[in-house]
Amino acid sequence: MAFPALAQNWGRPTYSSPVAISRDDRLIFVVNPSDDSVSVIRSDNNTRITQIAVGDEPQSIALTPDTQFAYVANAAGNSVSVVRITDAAFDSFNANVASTLTTGAEPWNIVSSPDGQRIFVANSV
């Protein structure tokens, strides 16, 4: 006789949405909608360097070409979290939310212009 599977509580993000990869391919940034965070992962050994709290239900992320900023579209928060990356080295990585920008309803996608001077956000009407 088979028993129904019980729900698990893992105490950490269990799924991710779109990712962004630094221009030098060393860092992978992943949004975690289930716990309102961004994980930063080393590409050489797939370990998480840090987890950064952002706005409500992040759905996508964009990096500037110089990897000095990450912009996170927070769908349920109607906002974009601006993450300033002050040190991108593996052993001393440092980043924090520098500001939060209000957007229209449900921003879902975000991209950076090739020169990093503009950020474009797609949201619901």
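This note comments on the fold, surface and nonpolar cores of the structure.

1. The model is predicted: local features require pLDDT of at least 70, side-chain atom pairs count only at pLDDT 80 or more, and totals for chains, interfaces and linings use all residues. Residues are numbered from 1 along each chain as its sequence is written, and side-chain values use heavy atoms, with hydrogens and water left out.

2. The protein chain contains 10 strands and zero helices, where strands are DSSP runs of E with at least two residues, helices are runs of H or I with at least four residues, and numbering starts from the N terminus. The pattern along the sequence is β-β-β-β-β-β-β-β-β-β.

3. Of 125 residues, 38% are buried (under 20% relative accessible area, 1.4 Å probe, protein chains only). The chain exposes about 7,400 Å², of which carbon and sulfur atoms supply 49% (Shrake-Rupley method, 1.4 Å probe).

4. Among contacts (heavy atoms within 4.5 Å) between residues at least 6 apart in sequence, 31% join residues at least 24 apart.

5. The largest nonpolar core (buried Ala, Val, Leu, Ile, Met, Phe, Trp, Tyr and Cys residues joined through side-chain atoms within 4.5 Å) has 17 residues; Phe29, Val38, Ile61, Val72, Val83, Ile85 and Phe93 have the most contacts inside it. At least two residues come from each of strand 2 (27-32), strand 3 (37-42), strand 5 (58-63), strand 6 (69-74) and strand 7 (79-87). Strand 2 contributes the most, with three residues.

6. Leaving aside residues up to four places away in sequence, Ile85 touches Phe29, Leu63, Thr67, Gln68, Phe69, Ala70, Phe93, Asn94 and Ala95. Apart from the largest core lies another, of six residues, including Ala62, Ala73, Val80 and Ile110.

Notes: Buried < 20%, exposed > 50% of the residue type's maximum accessible area, 1.4 Å probe, protein only.
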